[in-house]
Amino acid sequence: MNLHHPVRPAPSAALGTPLLDVHELSVRYGGIEAVRGISLHLNRGEIVAIVGANGAGKTTTLKAIVRLLTPTAGTVTFDGESLLPLATEDIVARGISLVPEGRGVFPTLSVRENLELGAWNHRHGPTMQATLADVVSLFPRLGERLRQEAGTLSGGEQQMVAMGRALMARPTVLLLDEPSLGIAPVLAQQIFAAIAHIASCGVSVLLVEQNTHLALTVSARAYVIKSGQNYLEGLSAELMKNPEVQHAYLGS
């Protein structure tokens with residue numbers, strides 16, 4: 001992963017072979033089927049959004065992809081290989097990182113310590129310091145606060161820490177769960193600019209976002225899910241014009 005140099009999508013993406021493919025995924029909480037047969041795919045260097053109302057199954061879908069939840073049916077394939085037999089740490093090592101809703105920073109650790117925790121898979125290699133430099137270049141605020149306890153940062157700055165920590169694992173795919181939630185609009189704009197830059201450097205982004213306008217603005221394609229199922233999908237620019245999407249999710 002190099003966050004300085006934009007790259008072209010891999011040939012597999014151009015040929016229509018997804019990097020990440022989720023097919024007929026279902027997940028149960030006890031007797032409740034929270035996700036019911038969701039299908040989606042993500043190509044290399046692409047930003048894809050998942051939008052929908054609270055409780056639609058968006059977060060559950062992301063957690064199931066990285067095996068924080070166990071699917072009851074369906075398949076999840078990454079670069080042609082099934083992820084279902086793998087543990088979460090193995091999925092991260094293969095190249096998929098999740099930035100969870102609520103950020104999950106360690107408040108009493110410094111910004112640097114939080115970031116370095118994300119580099120566990122290459123912590124003692126020569127790439128760790130180079131990756132840290134990439135992250136600080138992407139989020140200059142963090143460079144100014146490396147010694148500061150993460151719990152003393154603003155919500156937007158903590159989101160930068162959470163994203164930076166995920167990037168420290170040098171992922172091929174970044175899963176983002178509600179990155180703008182509880183963040184001042186000016187910092188949300190900075191974070192979404194960073195998301196666009198990350199994708200331009202070849203990292204594929206699957207984005208769950210409650211701010212539908214922001215999500216559809218930054219993404220190439222989007223899935224609208226409802227009651228744990230696929231409801232609408234298509235190019236984000238076209239969904240932005242869809243009257244049903246405008247009424248339900250864009251407040252117009």
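**Notes on the sheet, its helices and a few single residues**

1. A good place to start is strand S8: Ser 204, Leu 206 and Val 208 point one way from it, Val 205 and Leu 207 point the other way, and all are buried. Put as a count, five of the five residues of S8 are buried, and the strand is mostly covered. Please keep in mind as you read on that this is a predicted model.

2. What lies on either side of S8? The strand belongs to an open sheet of six strands with mixed pairing, and the order is S6-S7-S8-S3-S9-S10. The edges are formed by strand S6 (96-99) and by S10, each of which pairs on one side only. On average, and ignoring direction, neighbouring strands of this sheet are turned by 15 degrees against each other.

3. The pairings of S8 can be followed residue by residue. With strand S3 (residues 47-51), strand S8 (residues 204-208) pairs in the parallel sense over four bridges. Here Ile 47 has Val 205 of S8 as its bridge partner, and Ile 50 has Val 208. The pairing of S7 with S8 is also in the parallel sense, over five bridges; Leu 175 has its bridge partner in S8 at Leu 206.

4. Two helices that pack on this sheet are worth a look. H2 touches S3, S6, strand S7 (173-177), S8 and S9, and its direction makes about 150 degrees with that of S7. H8 touches S3, S7 and S8, and its direction makes about 150 degrees with that of S8.

5. Is helix H2 largely enclosed or largely open? Six of the eight residues of H2 (residues 58-65) are buried, so the helix is largely enclosed by the rest of the structure. The buried ones are Lys 58, Thr 60, Thr 61, Leu 62, Ala 64 and Ile 65. You may like to note that a lysine and two threonines are on that list. After H2 comes Arg 67, with a positive phi near 65 degrees.

6. Now to the nonpolar interior. The largest nonpolar core has 46 residues, of which Leu 174, Ile 195 and Val 205 touch the most other members. Helix H8 (residues 185-200) gives the most to this core, with eight residues. There is also a second, separate core of 29 residues, including Val 22, Ile 38, Leu 86 and Ile 91.

7. Val 205 ties several of these points together. Setting aside residues up to four places away in sequence, Val 205 touches Leu 42, Glu 46, Ile 47, Val 48, Leu 174, Leu 176, Ile 195, Ile 198 and Ala 199. Among these contacts is Ile 47, which is also its bridge partner across the S3 pairing. Leu 174 and Ile 195 are on the contact list too, and these two share with Val 205 the place of touching the most other members of the core.

8. A polar residue in a buried position deserves a mention. Gln 159 lies in helix H7 (residues 155-167) and counts as buried because its relative accessibility is 1%, under the 20% cut-off. Apart from neighbours within four places in sequence, Gln 159 is in contact with Val 99, Arg 103, Glu 178, Pro 179, Ile 183 and Ile 191.

9. Which backbone angles would I check? Most residues other than glycine have a negative phi. Asp 79, however, has a positive phi of about 50 degrees; this residue lies in the loop between strand S4 (73-78) and strand S5 (81-82) and counts as exposed, at 55% relative accessibility. Ser 227 also has a positive phi, near 55 degrees. Its place is the loop between strand S9 (221-226) and strand S10 (229-235), and at 46% relative accessibility Ser 227 counts as partly exposed.

10. On aromatic rings, a search of the whole structure finds zero aromatic pairs. There is, though, a charge over a ring: the charged end of Lys 226 sits over the ring of Tyr 231, 4.7 Å from its centre.

11. Finally, a residue from helix H10 (residues 236-241): Ala 237 lies there and is exposed, with a relative accessible area of 51%. The C-alpha atoms of Ala 237 and Val 218 are separated by 9.8 Å, and the two residues are 19 residues apart along the chain.

Notes:
Residues are numbered from 1 along each chain as its sequence is written. This is a predicted model: local features need pLDDT of at least 70, side-chain atom pairs count only at pLDDT 80 or more; totals for chains, interfaces and linings use all residues. Side-chain values use heavy atoms; hydrogens and water are left out. Rings of Phe, Tyr and Trp (its six-membered ring) pair if their centres lie within 6.5 Å; planes under 30 degrees apart count as stacked, over 60 as edge-to-face and the rest as tilted. A charge sits over a ring if NZ of Lys or CZ of Arg is within 6 Å of the ring centre and within 35 degrees of the ring normal. A nonpolar core is a set of buried Ala, Val, Leu, Ile, Met, Phe, Trp, Tyr and Cys residues joined through side-chain atoms within 4.5 Å. Buried means under 20% relative accessible area, exposed over 50%, partly exposed in between (1.4 Å probe, protein chains only). Contact means heavy atoms within 4.5 Å. Two strands pair if DSSP finds at least two bridges between them. Axes are lines fitted to C-alpha atoms, for helices over the stretch in contact, and angles run from 0 to 180 degrees between N-to-C directions.
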